[in-house]
Amino acid sequence: MELAKGGTPAGLIATTVFRGLAIGELEALGVSGLPLLVIEHPLGGEKPEGVARRARQAFEQLATLLPRKV
């Protein structure tokens with residue numbers, strides 16, 4: 001959060017279960033505009049296929065969150 005406040009590009013990754021908590025924390029810390037990438041819960045105990053699916057989810061969202069250069 002401090003990096004974002006200092007101007008360094010930053011974001012937060014959370015799972016679906018913790019999305020609301022992540023939004024609340026971003027607001028409480030004064031960085032509510034920070035990009036939030038949300039992936040399917042849970043992460044622990046996942047088989048390789050589940051991890052790969054979540055990685056694809058993250059990559060697709062990340063592509064929409066990154067600034068585009070013209």
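A residue is termed buried when its relative accessible area is under 20%, exposed when that area is over 50%, and partly exposed in between. In the predicted model described here, R53 has a relative accessible area of 33% and is therefore partly exposed. This residue takes part in a group of charged contacts, which is considered before the largest pocket.

The count of salt bridges comes to 3. In one of these, R53 is paired with E40, and the closest N and O atoms lie 3.4 Å apart. The two residues belong to distant parts of the chain, 13 residues apart: R53 is in helix α3, whereas E40 is in the loop between β2 (36–39) and α3. E40 has a relative accessibility of 29% and, like R53, falls in the partly exposed class.

E40 also meets the side chain of R54 in a salt bridge, with an N to O distance of 3.6 Å. Because R54 lies in helix α3 and E40 in the loop between β2 and α3, this pair ties together parts that are 14 residues apart in sequence. The accessibility of R54 contrasts with that of its partner: R54 is buried, since its relative accessible area of 5% is under the 20% limit, whereas E40 is partly exposed at 29%.

A further salt bridge joins R54 to E46, whose side chains meet at 3.3 Å, N to O. E46 counts as partly exposed, because its relative accessibility of 29% lies between the two limits. Through shared partners, the salt bridges connect E40, E46, R53 and R54 into one network. Within this network, E40 is paired with R53 and with R54, while R54 is paired with E40 and with E46. Such pairing can arise because side chains of opposite charge can pair when their charged atoms come close.

Attention then turns to the largest pocket, which has a volume of about 170 Å³. Its lining is made up of P9, A10, G11, L12, I13, P35, L37, L62, L65, L66 and P67. Two elements, β1 (12–15) and α3 (48–65), each give two or more residues to this lining. Helix α3 thus appears in both parts of the description, as it contributes to the pocket lining and also holds R53 and R54. By class, the lining comprises 10 nonpolar residues and 1 polar residue, with no charged residues. The polar residue is G11, because Gly is counted among the polar residues.

How values were computed. Residues numbered from 1 in each chain as written. Predicted model: local features only at pLDDT ≥ 70, side-chain atom pairs only at ≥ 80, totals over all residues. Heavy atoms only, no water. 1 Å grid on protein atoms, 1.4 Å probe; cavity = no way out; pocket = protein on both sides within 12 Å on 5 of 7 lines; lining within 4 Å. Points joined across faces, edges and corners; volume = space filled by probe spheres on them. Helix = DSSP H or I, 4+ residues; strand = E, 2+ residues; numbered from the N terminus. Salt bridge = Lys/Arg side-chain N within 4 Å of Asp/Glu carboxyl O. Buried < 20%, exposed > 50% of the residue type's maximum accessible area, 1.4 Å probe, protein only.
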